[in-house]
Every structure is written in C-alpha cells, then in structure tokens.
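Okay, thanks everyone. I'll take one strand and its neighbours, then step back to the whole chain. Have a look at this.

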Amino acid sequence: MHLDLDSFYAQCEENANPSLKAKPVVVCVYSGRTAESGAVSTANYEARKYGVRAGIPIVRAKKLLESVDAAFVPMNHLYYEQVSERIMEILRTQADAFEQTSIDEAFLDVSKRTALNFDAARSAALEVKKQVLMQESVTASIGIGPNKVIAKIASDQSKPDGLTLVRPEEVTQFLSPLPVSRIPGVGKKAEEKLSQLSVSTISQLSNLGPAILVETFGKSLGAYLYRASRGEDDDPVKEREQPTQFSRIATLKENTRRAEDTFPLLTELANSVSAKLVSHGMSCKSVAIIAILTDLSIHNRSKMLESLSTDGKVIEATARQLTQEFLQSKPDAVLRRLGVRASGLTRETGQTNMSKFLTAQ
Ligand code: TTP
Ligand code: CA
C-alpha cells in the first residue's frame with residue numbers, strides 16, 4: 001500500500017481551528033519581505049476549486065479567493081511534524097514492513113498479513129484509514145498494488161479520501177491511459193523530452209524500446225522508465241535509516257566563561273532538542289555539549305544518562321553540569337557559541353529503571 005495524507009498541512013490547521021473547516025484554507029509561507037509576499041505551501045480541497053495550488057504566490061491566491069470568505073494561515077511546520085509522527089506510529093503497527101518517504105507519505109508492505117489476498121488488503125486499507133481518522137481526524141488516500149510504483153500511482157488516483165486497488169491482472173489496463181507525469185520521478189523535464197518523442201501516455205511509453213530510453217535519459221532513469229511503464233518494480237518496502245542524534249547550536253548573547261550566563265541559552269537548546277526527540281518518538285541515552293570558544297576551537301563533552309529520556313529538564317540539567325565541568329577544567333576558555341546534542345537515540349520510551357521495576361511487579 002501507499003498512503004498519502006490529503007492536503008496535509010491544511011487538514012492540520014483545520015483540526016487546530018475547526019471554524020476553518022467550512023472555508024477555503026490556504027497555508028502560507030510568508031517570506032517576510034512585505035506583509036503579503038511569499039508562496040502557498042498547500043491549500044485544502046475547497047480552495048483548490050478556485051485554482052489555488054502549492055507554489056503559487058500568496059497574492060495570486062488572494063485574488064483567486066477574493067469573492068469568498070477564505071482563511072490564510074501561516075505554516076507551522078513543527079506542529080505538522082508532531083501530527084505526522086503520531087500518524088506514522090499508527091501506520092507502522094499496521095504493516096509487515098514500513099517505509100516513510102515524506103512528512104505525509106509512506107509505503108506499507110502487507111503481503112504477509114494478507115497472504116497476498118487483495119480483498120484482505122482492501123480491508124486492511126480501510127482499517128488503516130479508519131484508525132488515522134479516528135485518532136487524528138485526518139483523511140488519507142491509499143493505493144494498493146503488486147509493487148511500490150503501482151501503489152504510489154494508485155494512491156493519487158482518487159483524492160481526497162480515496163482507495164484504489166490495482167490487482168496484478170489489471171495493471172496494464174490501469175496504467176495505459178495515464179499521462180507519463182503520473183510515474184513517480186517524471187517531472188516537467190522528462191515529460192518534455194518524452195513529448196518530443198511523441199509520448200504522452202504510459203501506454204505510448206511502454207511501446208518505446210529500452211535503447212531509446214537509455215539514450216534519452218541515461219542508463220538508470222531509462223531502465224526505470226522502461227520497467228515502470230510496464231508496471232514492473234521489485235524495490236522492497238524497507239524502513240529508512242533513523243537519525244542517530246539531534247543537536248542545536250547557537251551563539252551566546254555575550255562571550256563568557258561564567259556558567260550561569262549560559263543557562264538561559266541551555267534551557268532553550270535543551271527544550272528544542274527535547275521537542276525534536278518527542279516529535280520523532282525517540283529517546284536519548286546520552287547528552288553532550290558542544291563548546292565553541294572565542295579562539296574558534298571546538299570542544300565536546302558528553303555524559304550517559306541513567307536511563308533513556310526525552311525530558312527537556314534532564315537534558316538541560318546534564319548540559320549545565322557538563323558546561324560547569326568544562327569551564328572548571330579549562331581556566332582559559334571563553335565561550336562564544338554553545339550547542340546541546342542528544343545521541344544514542346532509540347524508539348524505546350524513556351522509562352526510568354524504577355518505573356520499569358514497578359510495572360514489572
Ligand atoms: P503533498 O502531498 O504534495 O500535498 P498535500 O498533502 O497538501 O495535498 P494532496 O491531497 O494533493 O496530497 O505535500 C504534503 C505537504 O507538503 C503539504 O501539505 C504541504 C507541503 N508542501 C509544501 O510546503 N510545498 C509544496 O510545494 C508541496 C507540493 C507540498
Ligand atoms: Ca499529501
């Protein structure tokens with residue numbers, strides 16, 4: 001299965017402020033140059049009816065929506081990341097293998113749990129959609145197919161709140177009439193090159209020989225297009241590598257070698273690292289400080305925690321202690337910049353040994 005959340009940032013904003021639900025909603029990235037300069041990040045489906053799309057200038061979106069009561073909201077990426085993390089956790093439990101490919105898209109291999117039965121896969125997809133809607137009030141579109149390329153193309157077939165199933169015997173019929181731009185990885189440039197070869201549909205693409213495709217697009221993209229146009233793909237669904245550390249670094253208001261002067265900044269850095277951990281559903285085993293001195297030399301000091309943690313207070317206290325110890329050990333050091341790093345990350349939750357002990361009783 002491939003799952004793609006519908007107008008994702010816009011749905012997050014609607015959930016944060018339900019009065020938006022009936023209106024066209026435009027999520028904006030303001031550039032800050034003038035009050036209205038910037039671009040549209042995404043728009044809900046109501047706003048799309050008026051022609052509003054990701055990437056167009058905000059000023060243009062305002063023109064398109066001038067006759068209606070539309071909402072223009074600034075992008076709040078950290079919030080969407082947190083919603084995304086929670087949804088991805090739900091999805092992970094519904095798959096034999098799981099691969100998140102962006103903030104709002106993922107592949108779920110359900111081959112084993114459905115014993116390759118496509119009707120069972122449809123039920124599984126309905127269950128996934130239900131779980132995400134019940135727990136996070138977000139709709140998603142799902143495509144089901146015999147491989148990733150087909151599932152991905154299928155998830156885009158009927159949006160929003162769609163479910164498209166393509167059985168192995170239906171692959172050719174499904175792909176043939178679609179424009180080549182529906183193949184993942186085919187952008188404006190490839191589309192242009194194909195149109196010069198009089199190719200606009202996937203069916204026409206599948207009639208080109210491999211030699212001409214390799215000549216036009218190079219070996220790897222050419223071979224990929226040849227296979228994709230036939231609905232062939234054997235790339236497995238695999239968990240992407242997890243981050244191994246999160247760090248934040250900033251310049252002190254004034255150079256100093258007094259530990260107390262660094263505490264406000266350490267609080268800020270620790271909270272930010274903690275938020276990153278929480279949004280990724282991860283805990284850390286050790287905390288480090290990165291000290292950059294006025295001579296621009298860089299020094300690291302780290303400490304293992306007693307137990308896994310996501311807690312900003314724990315990270316802050318450890319960073320304070322490390323900073324104090326560092327300054328004591330280096331009488332000539334004057335701090336210019338300071339960073340906090342959480343490492344030894346795992347997906348386990350940060351229970352203390354004591355609470356582990358108590359829950360085991
Ligand atoms: P998409 O999945 O491309 O778009 P979407 O979820 O808003 O809408 P759809 O229902 O068509 O899937 O992108 C996911 C999020 O990424 C989107 O909500 C906002 C963000 N984004 C941008 O900030 N700029 C862009 O140009 C695009 C395409 C997306
Ligand atoms: Ca989406």
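So, strand S10, residues 284–293, in this predicted model. S10 is mostly covered, with 9 of its 10 residues buried.

Who sits beside it? Let's start with S11, which covers residues 298–309. S10 and S11 run antiparallel and share 8 bridges. If you want a pair to click on, take Val287: its bridge partner in S11 is Lys303. These two strands make a hairpin, with 4 residues in between. Keep an eye on Leu296 in that turn, as its phi is positive, at about 70 degrees.

Now, the other pairing I want to show: which strand does Ile289 face across a bridge, and at which residue? That's S12, where Ile289 stands opposite Val340. S12 is residues 335–343, and its pairing with S10 is antiparallel too, again over 8 bridges. While you're rotating this, remember that side chains in a regular strand alternate between the two faces of the sheet.

Okay, zooming out. The protein has 14 helices and 12 strands, and its C-alpha trace spans about 75 × 55 × 50 Å along the principal axes. Of the 361 residues, 44% count as buried. Take the contacts between residues at least 6 apart in sequence: 60% of them join residues at least 24 apart.

On the outside, about 18600 Å² is exposed, and carbon and sulfur atoms supply 52% of that. As for charge, we've got 45 positive and 43 negative side chains, and the centres of those two sets lie 3 Å apart.

Notes: Residues are numbered from 1 along each chain as its sequence is written. Chains are lettered from A and ligands numbered from 1 in the order in which they are written. This is a predicted model: local features need pLDDT of at least 70, side-chain atom pairs count only at pLDDT 80 or more; totals for chains, interfaces and linings use all residues. Side-chain values use heavy atoms; hydrogens and water are left out. Buried means under 20% relative accessible area, exposed over 50%, partly exposed in between (1.4 Å probe, protein chains only). Two strands pair if DSSP finds at least two bridges between them. Contact means heavy atoms within 4.5 Å. Accessible areas come from the Shrake-Rupley method with a 1.4 Å probe; for residues, only the protein chains shown count as cover. Lys and Arg count as positive and Asp and Glu as negative; His and the chain ends are not counted. The place of a charge is taken as NZ of Lys, CZ of Arg, CG of Asp or CD of Glu.
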